[in-house]
Amino acid sequence: MRRRRHIGVRLKMSLGFAILAAMLFISDALAIRELSQIGREVRSILDDSYRSVEYGQGMLNELGMQQMAILQHLTGDEADARDQLADFRRAEVSFRHQLALAKSNLKHEGESLMTDSIAQSFEVYVVGALRILTEKGPVGAECTEHLRSVVVQLRRQLNGLVLLNQEALYSTVHLLEDSTRRAIRPGILVIVVGILFIFLFTYLINHYFVSPVVGITASIRQYLKLGRYKAYPTASNDEL
C-alpha cells in the first residue's frame, strides 16, 4: 500500500502567502485594465468630438466666405461677378468636403439627422445663391429675403452640430471624474475577499499550528514535572 504524501508546515504557509500575493496581483491587474479601458473611451470621445467641432466651425467659416462673395456681388461692379462666383464655388467645395468628413465621424445620438438637415439646407442655399450670382440686373427683395432665411436656418443647424460635440467634450470631464470610482471597484472587491481570506488563514494557523504547539509544549512540561506524558491530539498530518 502506497504511503500518502503529506503537506508540510512550510509548504502550507507558503501556499497561504502565495494566495494573498495572487489576490493583490489580481486587484492591481483589474484596476489597470479598468483604467486602460476608460482611457481608450475618453480618448475616442475627445478625438471624435474635437474633429466634429472643427468640421462644424470650418463649415461656418466657408458659409461666411460665400456670404461675403454674395454681398460683394450685390454692392460691387458687375465686372467682378466672375471672381465672386469663383470665390463662392471654392467655398462651396470646401464646405462639402467638411460636411463629408462630419458625416464620416458620426458618434453621438442625433448627429446623423443633423448632418442630413445641414446637407438639405445647403442645397437650397446654393440654388438661391447661384441665382443671385448669375442673374444680370437687380435682384428682387423676395429672392434675397428667402436666401437670408435659409442662411439663418443653416447657421442654426451648424451651431447645433458644434454645440452637440462641445457638450460631448464636457461630458468627458464627468467620465474622468467617475473613472477613479470605476477603477477601484474591482480592487475593493478583491481587497474585501482578501481580508476575509486573511481572517480564515489566521484562524487556520491558530487551529492547526499554534494550538498544537501550545498543547504539545504543555504535555512536555507535564512529562518533565510529573513523569507522565499525555499525547496532544492533532488533526494534521505534517511535522506536528
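**Figure 1. Tyrosine 125 is buried, at a relative accessible area of 0%.** Buried means under 20% relative accessible area, exposed over 50%, and partly exposed in between (1.4 Å probe, protein chains only). This is a predicted model: local features need pLDDT of at least 70, side-chain atom pairs count only at pLDDT 80 or more, and totals for chains, interfaces and linings use all residues. Residues are numbered from 1 along each chain as its sequence is written, and side-chain values use heavy atoms, with hydrogens and water left out.

**Figure 2. The structure holds three aromatic pairs.** Rings of Phe, Tyr and Trp (its six-membered ring) pair if their centres lie within 6.5 Å; planes under 30 degrees apart count as stacked, over 60 as edge-to-face and the rest as tilted. One pair is phenylalanine 88 with tyrosine 125: the ring centres lie 6.1 Å apart and the planes meet at 40°, so this pair is tilted. It links distant parts of the chain, with phenylalanine 88 in helix α2, tyrosine 125 in helix α3, and the two positions 37 residues apart. Helices (H or I, at least four residues) and strands (E, at least two) are DSSP runs, numbered from the N terminus. Phenylalanine 88 is buried, at 0% relative accessible area.

**Figure 3. Phenylalanine 95 and phenylalanine 122 are stacked, because their ring centres are 3.9 Å apart and their planes lie at 10°.** Here too the pair links distant parts of the chain: phenylalanine 95 sits in helix α2 and phenylalanine 122 in helix α3, 27 residues apart. Phenylalanine 95 counts as buried at 0% relative accessibility. Phenylalanine 122 is buried at 1%. Phe88, Phe95, Phe122 and Tyr125 form one aromatic cluster.

**Figure 4. Helix α2 covers residues 81-103.** It has 23 residues and reaches 33 Å from first C-alpha to last, close to the 33 Å expected at 1.5 Å a residue. The expected span is 1.5 Å times one less than the number of residues. Its buried residues include Ala81, Gln84, Ala91, Glu92 and Leu99.

**Figure 5. Glutamate 62, in helix α1 (residues 9-75), is buried yet has no salt bridge.** A salt bridge is a side-chain nitrogen of Lys or Arg within 4 Å of a carboxyl oxygen of Asp or Glu. The nearest side chain of opposite charge, arginine 90, is 8.5 Å away. Lys and Arg count as positive, Asp and Glu as negative; His and the chain ends are not counted. The side chains of glutamate 62 and serine 94 share a polar contact of 3.1 Å. A polar contact is a pair of N or O atoms within 3.5 Å; within protein, one must be able to donate a hydrogen and the other to accept it, and residues adjacent in sequence count only if both atoms are side-chain atoms.
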